[in-house]
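Colleague: I should like to go through this structure with you. Could we take the overall fold, the cores, the cysteines, the backbone and a pocket in turn?

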Amino acid sequence: MTKSVRDKQIQDFRKINQKEQFVLKVSMYSALILAIFGIAFGIWVKSMAVVFDGFVALVSVGLGALSVLTSRYIYKEDDEIFQYGYGRFEPMVNLFKSLILVFVCIYAFINALHSLLNGGYEVALGGAVVYSVCVFIFCAVLFAYTHFYTKRLGSDLIRVDNAEWRIDCVLYLGALVAFGAIWLFSFWEFEWQKHFAFYIDPALLALLSLMLIFTPLRIAVGNFKDLIMVAPLELDEKVTRIMEDLSVEFGFSDYDTHVAKSGRFYMVEVNILMQKNFQVKSLNEFDLIRERIEKALEIPSYKIWLSVSFTADKKWL
């Protein structure tokens, strides 16, 4: 890879990283606005449920700050303490945040189930409806915003934030549906239908929490695999194909490969067994093989830790 191409890649990733940090900050400050609005509105209408919702949003602010900090350090060069760089922090943060979202869904389901088993509850309309409408619109805008940049930047950090806004959005939409159904039931004169309205909100909450849990659970599993360094199958097969082709071309006796993924970064190690009579004109030949492997992988240089070694002794494979 030429120096100009490498420099362009570095400039591109810096722009992407700056945009990623900006989007994460927008998400974090939006959660702060939501928290302040929830606490203030809850105190005004004297609703502890709305106040609690505001304090839950404060937790999202803390998690958002963690994402911003991770994004800032993720491309920082390795140092004496973190000699393999800071890439491992991304799956750690994403795993932590996605597990929080899983626990939120579980907590919502357990509360809803408890309410269903105890005869449901009467939902007080009025202030709760106004709050739910405002917050739903707010969350929908943030969901659309983070979804757009999740696709454009391919950032797992933004993807977790997007999952969080999706959960909030769907839960508030469910609350509005429940409010609408309860309002309709209030016009009916049959006693059993009015009593049935007690079960609408907890039943809908239980259903939605079960549906929503799969997104953060899938994110958690993916990032857990990154942390324990499970080899990505697609990358492993690609490296094998590359080495098979190079082995035929250069006459390698054997080779051994190791691949892993940590967030957006890839680690590829290739050990090549050379024939004992292999003639090396200069060390540039080895660098040429490294360049061929890097180019064939089609992964930007700033996203890959590539190590290629050559040996004539099989024990070093």
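Modeller: The questions and answers below follow that order. This is a predicted model, in which local features need pLDDT of at least 70 and side-chain atom pairs count only at pLDDT 80 or more, whereas totals for chains, interfaces and linings use all residues. Residues are numbered from 1 along each chain as its sequence is written, and side-chain values use heavy atoms, with hydrogens and water left out.

Colleague: In what pattern do the helices and strands follow one another along the sequence of the protein chain?

Modeller: Helices (H or I, at least four residues) and strands (E, at least two) are DSSP runs, numbered from the N terminus. The protein chain has 10 helices and 3 strands. Read along the sequence, their pattern is α-α-α-α-α-α-α-α-α-β-β-α-β.

Colleague: Which element gives the most to the largest nonpolar core?

Modeller: A nonpolar core is a set of buried Ala, Val, Leu, Ile, Met, Phe, Trp, Tyr and Cys residues joined through side-chain atoms within 4.5 Å; buried means under 20% relative accessible area, exposed over 50% and partly exposed in between (1.4 Å probe, protein chains only). The largest such core has 22 residues, and those with the most contacts inside it are Leu34, Val135, Cys139, Ile158 and Trp165. At least two residues each come from α1, α2 (48-73), α4 (127-153) and α5 (156-185). The element that gives the most, with 7 residues, is α1.

Colleague: With which residues is Trp165 in contact, leaving aside its neighbours within four places in sequence?

Modeller: Contact means heavy atoms within 4.5 Å. Trp165 is among the residues with the most contacts inside the largest nonpolar core. Its contacts beyond those neighbours are Ser27, Ser30, Ala31, Leu34, Phe138, Cys139, Leu142, Phe143 and Thr146.

Colleague: How far from Cys139 is the nearest cysteine sulfur?

Modeller: A disulfide is a pair of cysteine sulfur atoms within 2.5 Å, and the structure holds 0 of them. Cys139 is buried, with a relative accessible area of 0%. The nearest cysteine sulfur to that of Cys139 belongs to Cys169, at 6.3 Å.

Colleague: Is Glu298, which has a positive phi, buried or exposed?

Modeller: Most residues other than glycine have a negative phi. Glu298 has a positive phi of about 60° although it is not a glycine, and it lies in the loop between α10 (284-297) and β3. At 63% relative accessibility, Glu298 counts as exposed.

Colleague: Where is Met229, which also has a positive phi?

Modeller: The phi of Met229 is about 60°, although Met229 is not a glycine. Met229 is partly exposed, with a relative accessible area of 38%. Its place is the loop between α8 (214-227) and α9 (233-250).

Colleague: Which residues lie nearest the centre of the second largest pocket?

Modeller: On a 1 Å grid over the protein atoms alone, a pocket is an open set of points where a 1.4 Å probe fits, with protein on both sides within 12 Å along at least five of seven lines; lining residues have an atom within 4 Å of a point. α1 gives the most to this lining, with 6 residues. Of the 27 lining residues, those nearest the centre are Tyr75, Lys76, Glu77, Phe265 and Tyr302.
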